[in-house]
Amino acid sequence: MMAPASYASLDLGGMRVTTINAGRFALDGGAMYGVVPRPLWARVTPPDDRHRIPMACNCLVVETPHECILIDAGLGQRFDARAREIFDVDTDSSLQNGLSRAGIDPEQITHVLFTHLHFDHSAGALTTVADKVRPTFVNAQHLAQDGEIDDGLACRSIMGSSYVPSDISLLRTATRLEGISGDTEIFPGVHVEVTGGHTEHHQAVWLRGREQTLVYPADLLPTRHHLRPYWIMAYDMFPHETLTVKHDFIRRILEQDCIVAWDHDPLSPFSHLRKTPDGVEAIDIGTMP
Ligand SMILES: [Zn+2]
């Protein structure tokens, strides 16, 4: 059941965390960096001729003695030609391919934990089989914050296309999509913490093994470039909350010297953070699968 150690995975002590390349796509650079002027962000992430920058969907599989938990499910494969073109979706990388390269069978997944229900974090939990949309993880209980499920169903978002309410309804009826209420330890060592900012009920996941702690801040800190205070996605519902909460998160990550797993960074799955005279930088560990 354990993924091979040579893969992009880490043993935290009684808990193995494996990064899964669940797809590559591209988003408008301006939208990814909000108020930051283009000459600044274009220097660190050169855009293509349509102003898009490369994005990864890095999901995590957490193997504990009793659970095999997938954190986020990526953007899936159910795109029409137009969406594929707009988002420059790489059809060769997918959640299923990523899991199979890591030696993990979808049937092994006992839980799917969503940080939030935007399509690029949840659509991969559903798959089209013989023209019917079905759950990808047939044995898994699916979990998200209660308020996030309500917001997703009501499409409460700054952009109409961020949520797919029909997907969320289907997840509720066809899987056991259950609500979590606030900050809690859902399994031993697996803590969720509501951050707000990106969506009102967006949550980060802290994984506390015997030897090491890893945090998956999800869209609070989607890439290393978002370590800078004002580099905040224009997709965020509450950007000022992102500003204050991520400042506190970075302080705690540095204090605890824990590992960060990036959800959208295409360069590396895991990093340590280090304070520099100009701010905070990411020191990569592991290689992208
Ligand atoms: Zn996202």
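Two strands are taken to pair if DSSP finds at least two bridges between them. Helices (H or I, at least four residues) and strands (E, at least two) are DSSP runs, numbered from the N terminus. The model described here is predicted: local features need pLDDT of at least 70, side-chain atom pairs count only at pLDDT 80 or more, and totals for chains, interfaces and linings use all residues. Residues are numbered from 1 along each chain as its sequence is written.

A good place to begin is strand S3 and its partners. Strand S2 (residues 16–28) pairs with S3 in the antiparallel sense over 11 bridges, and Arg16 stands opposite Glu63 in S3. S3 also pairs with strand S4 (residues 68–71), again antiparallel, here over 4 bridges; in S4, Ile69 is the bridge partner of Val62. S3 and S4 form a hairpin, with 4 residues between them. Burial is counted on C-beta atoms placed from the backbone: a residue is buried if 20 or more other C-beta atoms lie within 10 Å of its own, exposed if 12 or fewer, and partly exposed in between. By that count, 12 of the 12 residues of S3 (residues 52–63) are buried, so the strand is largely enclosed by the rest of the structure. Both of its faces are covered: Arg52, Pro54, Ala56, Asn58, Leu60 and Val62 are buried on one side, and Ile53, Met55, Cys57, Cys59, Val61 and Glu63 on the other.

Ahead of this strand, in the loop between helix H2 (38–44) and S3, sits His51. His51 has a positive phi of about 70° although it is not a glycine. For context, most residues other than glycine have a negative phi. His51 is partly exposed, with 14 other C-beta atoms within 10 Å. Asp131 likewise has a positive phi, of about 65°, and is not a glycine. Asp131 lies in the loop between strand S6 (126–129) and strand S7 (132–135), and it counts as exposed because it has 5 C-beta neighbours inside 10 Å.

Further along the chain, 7 strands form an open sheet of mixed pairing, in the order S10-S11-S12-S13-S14-S15-S16. Its edge strands are S10 (184–187) and S16 (279–285), each of which pairs on one side only. From one strand to the next, the twist averages 35°. Within the sheet, strand S13 (residues 213–216) and strand S14 (residues 259–261) pair in the parallel sense over 2 bridges, and Leu214 stands opposite Ile259 in S14.

Helix H8 (residues 239–256) packs on this sheet, touching S13, S14, strand S15 (270–276) and S16. Contact here refers to two residues whose C-beta atoms, placed from the backbone, lie within 7 Å. The direction of H8 makes about 100° with that of S15; axes are lines fitted to C-alpha atoms, for helices over the stretch in contact, and angles run from 0 to 180 degrees between N-to-C directions. H8 has 18 residues and reaches 25 Å from its first C-alpha to its last, close to the 26 Å expected at 1.5 Å a residue (the expected span is 1.5 Å times one less than the number of residues). Its buried residues are Thr242, Val245, Lys246, Phe249, Ile250 and Ile253. Seen down the axis of H8, these fall within an arc of 145°, so they line one face of the helix; the arc is that of the directions from the helix axis to the C-beta atoms. The cover over these buried residues includes S13, S14, S15 and S16. On the other side of H8, His240, His247, Asp248, Arg251 and Glu255 are exposed. Just after H8, Asp257 takes a positive phi of about 45°.

Back at the edge of the sheet, Phe187 lies in strand S10 and is partly exposed, with 16 other C-beta atoms within 10 Å. Leaving aside residues up to four places away in sequence, Phe187 touches Thr64 and Glu67. Phe187 and Pro46 are 141 residues apart in sequence and 41 Å apart in space, C-alpha to C-alpha.

One helix pair completes the picture. Helix H6 (residues 146–153) and helix H7 (residues 165–174) pack at an angle of about 130°, with their axes 8 Å apart. That makes H6 oblique to H7, given that angles under 35 degrees count as roughly parallel, over 145 as roughly antiparallel, 65 to 115 as roughly perpendicular and the rest as oblique. Ile149, Gly152 and Leu153 of H6 make the contact with Pro165, Ile168 and Ser169 of H7.
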